Amino acid sequence: MKKITVNNLKVVYKDKKRGNVTALENFSTVVFGNAFNVVIGYSGCGKTTFLRAVAGLIEYEGDIFFDDVDAFDLTVKDRNIAMVSQEYALYPHINVFDNIAYPLVLAGAPRSEIIERVNNLAEYFGIKHCLTRKPKHLSGGQQQKVALARAMIKMPQLYLFDEPLSNFDPQKRYEARQMIKKAVKDHGATAIYVTHDLNEAMELADNVIVIDKGKVEISGNPAYVFNSHDEVVESLKSKVDHEQFIR
Amino acid sequence: MSLFFRSKKADHDFEEDKLPSNRKEVFFDALKIRAGTLIRLGLVLLLFAAPLIVAGFIKDSYYYIVQTSYAQGEMTEENYSGIIFTIELFYYVAKIICFIVLGLGLSGVLRVIRQIIWGEPVFFWHDIFDGIKMQGARYSIYFFFAGLLNLLGRLVIFFGFNSEFLKYLPLGLNYVLFLPPLLYALIQSQIYRFRLLDEYKNGFILYFKTIPQTVLVTIIVCLPLLFDLISLLVLKYAVIAIYVVAVLPLLTMGEFLYFMSVLDRYINKERYPEIYDKGVRRK
């Protein structure tokens, strides 16, 4: 995939208490293919809504194109997407092997292929010795690796990461994001990574998209965004400093 | 939905040294992490043992009716013996077929148990059918002979010698000479591609090399014979069903592990080092 083009995206939620809530409006951007795109902004700015629209999980107005193909013409399955969130969503009642293999089992892949691919991924993430264990026996970091391995098993063309490391302590978060970036790069896929941590964005991104109040505030390479003196970016910088001071 | 899938986490990484380092640990580890699979295996065994259980129940019911009639003086001793013989004959002939069915099921179940104790992925129904497809015919032959020898042993009891010892000798030999090598053969089928006779011959050799331990395992295998001591029919068959579902898979797994250790010592170490100690963490 070369790029995802988003034009005038509008997403409106119906809320019982607040009525219609506009989560995204006039939202236009380009997500670069085979690159790590980081979407950053404060809570409630529409980051996750954007991910869900790309994944085809919610209704929207406007256009999303995967290369030249309108996303409306693609089923969720055809988009070949894998989503990883902070909850990992591992099945607690089955072991790690079965968790990783699940997407392939659902797709009806041959058993030999499932075994080979699960073993390769487990080897890659250093969790081969955990394959017979249930998720509850694993640490948070190992569970994250399982979630990643499961996301990668079908070799998706696009990864959507929704604050996958927000439950980690700073040291583990650093190690985990290196691992995620390497895994996506090695696979040669496109990633959209949502975070509210500017450090994380600068470290991971090939392309940064800053969102505020449902609109794209600024986007570009990390150095350009960091030095832009944009109001939202400056505010995010001050939060980084503040957080570092607290630690 | 996310709440439903939010699983617990361990405080520390799961390290490799927590994996089982001997066969005893493999057994208890499998109990802990594969309890659900073992129960499913028990249910599969119950399905394949059902014809045998039903045949036994019918035989015991007839026995009860005939014995009651005889006790009430409604039939002569000659009649009584004749009817009992007919019931037994039908039962032991039917048992051959029931044994073959059980053998088919066991070929699938042992395949899954092999995967469990080797720490390999289990595709439950796939492995069951694979086991039946690959070993079903061989197990059917073994179990056919087991049923046939059982029938012949019973016939000798009926028509055979006057001496009590000689009467029960063939049946005894069946348990002492036929069964232990058979147990080895069943396990070898799941691991190697030997010819049937070679498998059985190996079983004999290994049996004689490990007589005390193998006799003990054979006694454990034969423990269900004690269920005949339960006089209340419903209770007896309820106990048998519970045994098949809850106990038999564990015993079978324990036996598989024992036989694997023997095969490791006498065959794998020299000839097949790639499967030596398989499923056990090597220190």
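**Reading chain A and its contact with chain B**

In this predicted model, residues 24 or more positions apart account for 68% of the contacts in chain A that have a separation of 6 or more.

Trainee: How many helices and strands are there in chain A, and which value is its radius of gyration?

Mentor: Chain A holds 8 helices and 10 strands, and its C-alpha trace spans about 50 × 50 × 40 Å along the principal axes. For 247 residues the globule rule gives 18 Å, and chain A comes close to that, so it is as compact as a globular protein of that length. The counts are therefore 8 helices and 10 strands, and the radius of gyration is 18 Å.

Trainee: Which residues of helix 5 of chain A are buried, and where on the helix do they lie?

Mentor: Helix 5 of chain A runs over residues 170–187, and its 18 residues reach 26 Å from the first C-alpha to the last, close to the 26 Å expected at 1.5 Å a residue. An α-helix has 3.6 residues a turn, so residues three or four places apart point the same way. Seen down the axis of helix 5 of chain A, the buried residues fall within an arc of 130°, so they line one face of the helix. Those buried residues are Arg177(A), Ile180(A), Ala183(A) and Val184(A).

Trainee: What do the buried residues of helix 5 of chain A pack against, and which exposed residues does the face turned away carry?

Mentor: The buried residues of helix 5 pack against strand 3 (36–40), helix 4 (140–152), strand 7 (158–162), strand 8 (190–195) and helix 6 (198–204), all of chain A. The face turned away from that buried side carries the exposed residues Gln171(A), Glu175(A), Gln178(A), Lys182(A) and Asp186(A).

Trainee: Which strands stand at the edges of the open sheet with the order 2-1-4-5 in chain A?

Mentor: The open sheet is formed by 4 strands, and the pairing is antiparallel. Within it, 5 bridges join strand 1 (residues 3–15) to strand 4 (residues 61–66) of chain A, and Asn7(A) has Asp63(A) of strand 4 as its bridge partner. Two strands of this sheet each have a single partner strand, so one side of each is left without a neighbour in the sheet; these edge strands of chain A are strand 2 (19–32) and strand 5 (69–70).

Trainee: Which residue in the turn between strand 4 and strand 5 of chain A has a positive phi?

Mentor: Strand 4 and strand 5 of chain A pair in the antiparallel sense over 2 bridges, and in strand 5 the bridge partner of Phe66(A) is Val69(A). The two strands form a hairpin with 2 residues between them, and the residue in the turn whose phi is positive, at about 55°, is Asp67(A).

Trainee: Which element gives the largest share of the side of chain A that touches chain B?

Mentor: The contact takes 23 residues from chain A and 17 residues from chain B. On the side of chain A, the elements that give two or more residues are helix 3 (111–125) and helix 4. By class, that side has 9 nonpolar, 9 polar and 5 charged residues. The largest share, 4 residues, comes from helix 4 of chain A.

Trainee: Is Val234(B) buried or exposed?

Mentor: Val234(B) lies in helix 9 (residues 233–271) of chain B, and its C-alpha atom is separated by 8.8 Å from that of Phe57(B), 177 residues apart along the chain. A residue counts as exposed if 12 or fewer other C-beta atoms lie within 10 Å of its own. Val234(B) has 9 such atoms within 10 Å, and therefore it is exposed.

Key
Residues are numbered from 1 along each chain as its sequence is written. Chains are lettered from A and ligands numbered from 1 in the order in which they are written. This is a predicted model: local features need pLDDT of at least 70, side-chain atom pairs count only at pLDDT 80 or more; totals for chains, interfaces and linings use all residues. The expected span of a helix is 1.5 Å times one less than its number of residues. A residue is buried if 20 or more other C-beta atoms lie within 10 Å of its own, exposed if 12 or fewer, and partly exposed in between; C-beta atoms are placed from the backbone. The arc is that of the directions from the helix axis to the C-beta atoms. Two residues are in contact if their C-beta atoms, placed from the backbone, lie within 7 Å. Two strands pair if DSSP finds at least two bridges between them. Ala, Val, Leu, Ile, Met, Phe, Trp, Tyr, Cys and Pro count as nonpolar, Asp, Glu, Lys and Arg as charged, and the others, Gly among them, as polar. The radius of gyration is taken over C-alpha atoms; the globule rule is 2.2 Å times the number of residues to the power 0.38.
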